[in-house]
Every structure is written in C-alpha cells, then in structure tokens.
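Trainee: Got a minute to walk through this one with me? I'd like to go over the sheet and the pocket.

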Amino acid sequence: MSAPAPSLEHLNTSELGTKSYWDAAYSTERTNFSSNPEDEGTIWFSDAGAEERMLSFLENLSDEGQLHKDSASDETPTRFLDLGTGNGHLLFALREDEWEGEMVGVDYAPQSVKLAEEIRQSKGEEYADIQFFEWDLLNSPAGEWLGENGFDVVLDKGTFDAICLAQETDAQGRRICEGYRERVEKLIRPGGRFLITSCNWTEEEVKGWFDVQGGALRYESKAKYPSFTFGGKTGSSVCTLCFRREA
C-alpha cells in the first residue's frame, strides 16, 4: 500500500515541467558545445554553489567510512545514479573528485543524453565508463543498469523541482510529482542514500515530501548553506538534504 500523499500545496505549473522545453534546451546546448567544446552547458544552482556542496557532503561521508571512493579499503566503491542528469556535469565532477565506482545518469529528454555522451567522449579515459540512458522515471521500468539491489547513492539536483512544475496527472488523478518518492525509493539499495537539492521547496517541505509515514526514506542530515533572515524567518534559497532508505 502506498504512503499517503504529503499535505503540501502544489507549485504552479510551468513550461519547465515539460519534456518539449528540456529537449529544446538541450538541443541548443548540443549546438553550443559542437561549436565551442568549452561550453558544456548550464550547471544548475551554480550561483548557490550547490554542486560543490553536494560533493563536499559526499566527501564527508567518505571520510567517515560510510561511502567508499575506491576499493583501497577492500570495500566496493560507491555506485551513483543521477536522476535528470542533464549534461552529466555532476557525475563528471564526482569522477574528477576521484570517486571510482559505477556511475549512471538518466534523463527523459533524449537530447540531454546525447549531450552528456558527447561531453563524455571529449574527456579522458577515466570518464569512459560513465553511462547515460534515456529513461522516464515516472512511466517506465528501470533497465538492467539498476542492478540487483539498487544504488548506494541516488542524486537529484533540481529534477524533483522540475517535475513539481508539470501539469500532468497520474492514473490516480494525482499531480505526477506525488508519485516521485515511491519511484525513487525502488532505486536505492537498503541502507543507501538519496541526496536531493531543491530551490522550490524549503527544508521542511522537502522533508514533508520524502520522510513520510509508510515510506522507506528517513531524513538523515543536510548540507550547509549561507542563511538569511527576512520577516523574522531564517532560511536559504537552496537546500540539500540527505535521506537514508531503511534496510
């Protein structure tokens, strides 16, 4: 039985929640990259340093022995899945930080996958094993890339935000974002982690979406961002939260 939907107000719909928007955007980025290999496209939430904070958060987990960058400790290196991978930049950055485990990026926009593959081909041999697949998380079964037990870490940098802007509803009449958590849980191995960055939801709202009664994810910790105070409330414009799947 599925967990109840969170009692949160939905965001207004936007073209950023449509597949056609992202295909057009990544078609443009492919053209730009073809003419200028230095232009690998947009890095989402770069103004807030979100990617760097996600990398630092994962580095800390490695330092604590909870994740494994390589096989030096006789442990299997951490497997990563990047949801809505875009141009693949987050996975490339992980490899630059010497994470050696299997990495898979998925996106429902075919132009995204083609762009990520083209960028990978322009890089060194150490990036050659990073895999990219076209996949609709909410409507298609996972491929063989999922493996037997799921991934150690599933990453989301703005993908849930975009899905929350979609106007489509599912077979139960819900906005499609309400089915996102259930689908994500199946991608994470028991004891594995889900690291999500959002600019559309506050920390408490993200917890409300993912750490719910009847669900398998439990809030664990968060990355630190500079905070501001306005109207007596303190917060930040972007948040990165880590949830752990119950064993």
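Mentor: Sure, here are a few questions and answers on this predicted model.

Trainee: Which strands sit at the edges of the open sheet?

Mentor: The sheet has 7 strands with mixed pairing, in the order β3-β2-β1-β4-β5-β9-β6. An edge strand pairs on one side only. That description fits β3 (131-134) and β6 (217-222).

Trainee: And what is the bridge partner of Arg218 in β9?

Mentor: Start with the strands: β6 pairs with β9 (residues 239-245) in the antiparallel sense, over 5 bridges. Within β9, the partner of Arg218 is Arg244.

Trainee: At about what angle does helix α3 run to β2?

Mentor: Helix α3 (residues 89-96) lies across β1 (80-83), β2 (103-107), β3 and β4 (151-157). For scale, the sheet's own twist averages 20 degrees from one strand to the next. Between α3 and β2, the angle is about 170 degrees.

Trainee: Now the largest pocket: which element gives the most to its lining?

Mentor: The pocket's volume is about 950 Å³, and 47 residues line it, with Gly84, Tyr108, Thr159, Ala162 and Ile163 nearest the centre. Elements giving two or more residues are α1 (19-35), β1, α3, β2, α5 (159-163) and α6 (180-185). The top contributor, with 4 residues, is α5.

Trainee: How many residues of that lining are charged?

Mentor: Split the lining by residue class: 19 are nonpolar and 15 are polar. The charged ones number 13.

Trainee: Last one: how far apart are the end C-alpha atoms of residues 78-207?

Mentor: That stretch carries the UniProt annotation "domain: Methyltransferase", from an unreviewed entry. Over it the chain is 28% helix and 24% strand. The distance between its end C-alpha atoms is 24 Å.

Terms used: Residues numbered from 1 in each chain as written. Predicted model: local features only at pLDDT ≥ 70, side-chain atom pairs only at ≥ 80, totals over all residues. Heavy atoms only, no water. Pairing = 2+ DSSP bridges. Axes fitted to C-alpha atoms, helices over the stretch in contact; angles between N-to-C directions. Contact = heavy atoms within 4.5 Å. 1 Å grid on protein atoms, 1.4 Å probe; cavity = no way out; pocket = protein on both sides within 12 Å on 5 of 7 lines; lining within 4 Å. Points joined across faces, edges and corners; volume = space filled by probe spheres on them. Nonpolar A, V, L, I, M, F, W, Y, C, P; charged D, E, K, R; others polar. UniProt positions renumbered as here; feature names shortened; annotations may be inferred.
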